[in-house]
Amino acid sequence: MKRTPLKRKTPMKRVSKRRQAESKEYMRLREAFLKEHDICQLWLAEHGLREGDFGDRIRSFSMGCPRSTEIHHRCSGKNRKATYLRTDTWMAVSRNGHEFIHRNPAIAYERGWLLKTIPEEPNNAIQESRS
């Protein structure tokens with residue numbers, strides 16, 4: 001017996017309301033995080049520098065520091081959902097830096113750029129999430 005496919009009267013939602021709210025919050029946090037960390041944190045770590053080592057941003061970019069354009073989530077896989085909005089598990093990286101991390105997972109795990117377990121949430125992050 002041949003059956004006709006069921007037709008929906010209304011299209012299925014592509015994203016749930018909960019995920020929409022998470023995405024909105026994520027975009028707000030992402031924008032603020034990238035403004036605060038505008039130099040690739042991977043590049044800084046590789047060169048033994050910190051963000052405060054430069055007097056001004058123009059000097060840092062004239063030295064060849066790449067701008068951070070993406071957020072790298074250090075916890076991935078099954079841990080991703082639990083740490084999706086936790087900025088203490090994020091790194092602001094350039095596109096090349098992000099590709100390097102994912103092309104070289106052994107190095108990334110060794111240096112802490114990828115994590116297998118979820119780190120404990122710091123006290124100040126708990127207070128920020130409640131406010």
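Helix α1 (17-36) buries Glu 22, Tyr 26, Leu 29, Phe 33 and Leu 34, where buried means under 20% relative accessible area, exposed over 50% and partly exposed in between, with a 1.4 Å probe and protein chains only. These residues cover an arc of only 130° around the axis, which puts them on the same side of α1; the arc is that of the directions from the helix axis to the C-beta atoms. Turn to the other side of α1 and you find Lys 17, Lys 24 and Lys 35 exposed. The cover over the buried residues of α1 includes α2, β1 and β2.

A word on the model. This is a predicted model, in which local features need pLDDT of at least 70 and side-chain atom pairs count only at pLDDT 80 or more, while totals for chains, interfaces and linings use all residues. Residues are numbered from 1 along each chain as its sequence is written, and side-chain values use heavy atoms, with hydrogens and water left out.

How well does the span of α1 agree with its 20 residues? At 1.5 Å a residue, α1 should span 28 Å, and its end C-alpha atoms are 29 Å apart, which agrees. The expected span here is 1.5 Å times one less than the number of residues in the helix.

Now for the whole chain. It has 7 helices and 2 strands, taken as DSSP runs numbered from the N terminus (H or I with at least four residues for helices, E with at least two for strands). Along the sequence the pattern reads α-α-α-β-α-β-α-α-α. Of the 131 residues, 31% are buried. Among contacts (heavy atoms within 4.5 Å) with a separation of 6 or more, 60% come from residues 24 or more positions apart. The chain exposes about 10000 Å², with carbon and sulfur atoms supplying 51% of that; the areas come from the Shrake-Rupley method with a 1.4 Å probe, and for residues only the protein chains shown count as cover.

Next, the aromatics. A search of the whole structure turns up 4 aromatic pairs. Rings of Phe, Tyr and Trp (its six-membered ring) pair if their centres lie within 6.5 Å; planes under 30 degrees apart count as stacked, over 60 as edge-to-face and the rest as tilted. Two of the pairs are set out here.

| Pair | Centre distance | Plane angle | Type |
|---|---|---|---|
| Tyr 26 and Tyr 84 | 4.8 Å | 15° | stacked |
| Phe 33 and Trp 90 | 5.4 Å | 80° | edge-to-face |

The Tyr 26 and Tyr 84 pair links distant parts of the chain: Tyr 26 is in helix α1 and Tyr 84 in the loop between α4 (80-83) and β2, 58 residues apart. Tyr 26 counts as buried at 11% relative accessibility, and Tyr 84 does too, at 14%. Phe 33 lies in helix α1 and Trp 90 in strand β2, so that pair ties together parts that are 57 residues apart in sequence. Phe 33 and Trp 90 are both buried. Put Tyr 26, Phe 33, Tyr 84 and Trp 90 together and you have one aromatic cluster.

Tyr 84 has a charge over its ring as well: the charged end of Arg 19 sits there, 5.7 Å from the ring centre. For this, NZ of Lys or CZ of Arg has to be within 6 Å of the ring centre and within 35 degrees of the ring normal. Elsewhere, Lys 116 lies over the face of Tyr 109, at 5.0 Å from the ring centre.

On to the loop between α1 and α2, which holds His 37 and Ile 39. His 37 is buried, with a relative accessible area of 13%. Beyond its neighbours within four places in sequence, His 37 is in contact with Glu 51, Ser 68 and Ala 92. Ile 39 counts as buried at 0% relative accessibility. Its C-alpha atom is separated by 7.2 Å from that of Glu 51, 12 residues apart along the chain. Arg 50, in the loop between α2 and α3 (57-62), is exposed with a relative accessible area of 61%. The C-alpha atoms of Arg 50 and Ile 39 are separated by 9.6 Å.

Last comes helix α5 (residues 95-103), where Gly 97, His 98 and Ile 101 are buried. Seen down the axis, the buried residues of α5 fall within an arc of 100°, so they line one face of the helix. Asn 96 and Arg 103 are exposed on the other side of α5. What do the buried residues of α5 pack against? Their partners are α2 (41-46), β1 (70-73), β2 (90-93) and α6 (105-111).
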